[in-house]
Amino acid sequence: MKEKKAFRIGKLNIVDLIAIILLLLVVAYGASRLLSTDEAPAETINITYTVRVQNVAAELYENCAKHLPSTLMASGTSLPGRIESVEKTPYLVLGPDGQWYEDPDHVNLYFTCTATVNKEAVMTTKIGEQEVRVGKTDYIMKSEYVEFQNLTIIDVDWGE
């Protein structure tokens, strides 16, 4: 009995050729999925918000002011926002006579920050992983030169 030889193209037979074509199609599909930008770019808005830190050493005001404006950061990465400015107000303490007195060694600081955030149907304003909402009391504000924890967000303007 005579043995049939497989159809060959060069040194490849037809089964090898089909396997190579299928492999190339799978690789091309995977690359197109990874590199595709099917999603429309997210609509963004600019926000401005104010945060307050109370009862800090008075010299922190000058030290902060000379390093502003400064880009917001988290985990060593720059965020799409900046600490624009800082203002100070007196820190008041209640004296033994029931009167309020200015503490010369401490102040309250008010930082104005700006950021660009994604606009969504339900507004959950996030800068990095932190939400920005009026009344939030555990906000952490950090830049290359400045860091404060447990700030209170007292005002947010969503640029509308």
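The following conversation looks at a few residues in a predicted model.

Visitor: What should I know before we start?
Guide: This model is predicted: local features need pLDDT of at least 70, side-chain atom pairs count only at pLDDT 80 or more, and totals for chains, interfaces and linings use all residues. Residues are numbered from 1 along each chain as its sequence is written, and side-chain values use heavy atoms, with hydrogens and water left out.

Visitor: Where does Tyr 139 lie?
Guide: In strand β9, residues 139-142. Helices (H or I, at least four residues) and strands (E, at least two) are DSSP runs, numbered from the N terminus.

Visitor: Why does Tyr 139 count as buried or exposed?
Guide: Buried means under 20% relative accessible area, exposed over 50%, and partly exposed in between (1.4 Å probe, protein chains only). Tyr 139 has 2% relative accessibility, so Tyr 139 counts as buried.

Visitor: Which residues does Tyr 139 touch?
Guide: Among them are Tyr 49, Val 51, Leu 72, Phe 148 and Leu 151, not counting residues up to four places away in sequence. Contact means heavy atoms within 4.5 Å. Tyr 139 and Leu 151 are 12 residues apart in sequence, yet 5.0 Å apart in space, C-alpha to C-alpha.

Visitor: What makes the side chains of Tyr 139 and Tyr 49 a polar contact?
Guide: A polar contact is a pair of N or O atoms within 3.5 Å; within protein, one must be able to donate a hydrogen and the other to accept it, and residues adjacent in sequence count only if both atoms are side-chain atoms. The two tyrosine side chains, Tyr 139 and Tyr 49, make such a contact at 2.6 Å.

Visitor: Why is Asn 150 called buried or exposed?
Guide: Its relative accessible area is 56%, so Asn 150 is exposed. Asn 150 sits in strand β10, residues 147-157. Tyr 139 touches Asn 150 too.

Visitor: What is the phi of Asn 150?
Guide: Near 60°, a positive value in a residue other than glycine.

Visitor: How is Asn 55 classed, and why?
Guide: Asn 55 has a relative accessible area of 37%, so Asn 55 is partly exposed. Asn 55 is in strand β3. Its phi is positive, about 60°, although Asn 55 is not a glycine.

Visitor: Why is Ile 45 called buried or exposed?
Guide: Ile 45 has 13% relative accessibility, so Ile 45 counts as buried. Ile 45 is found in strand β3, residues 44-57. Ile 45 and Trp 158 are 113 residues apart in sequence and 7.2 Å apart in space, C-alpha to C-alpha.

Visitor: What joins Leu 68 and Pro 69?
Guide: A cis peptide bond, with omega about 0°. Pro 69 is in the loop between α2 (59-65) and β4 (70-74).
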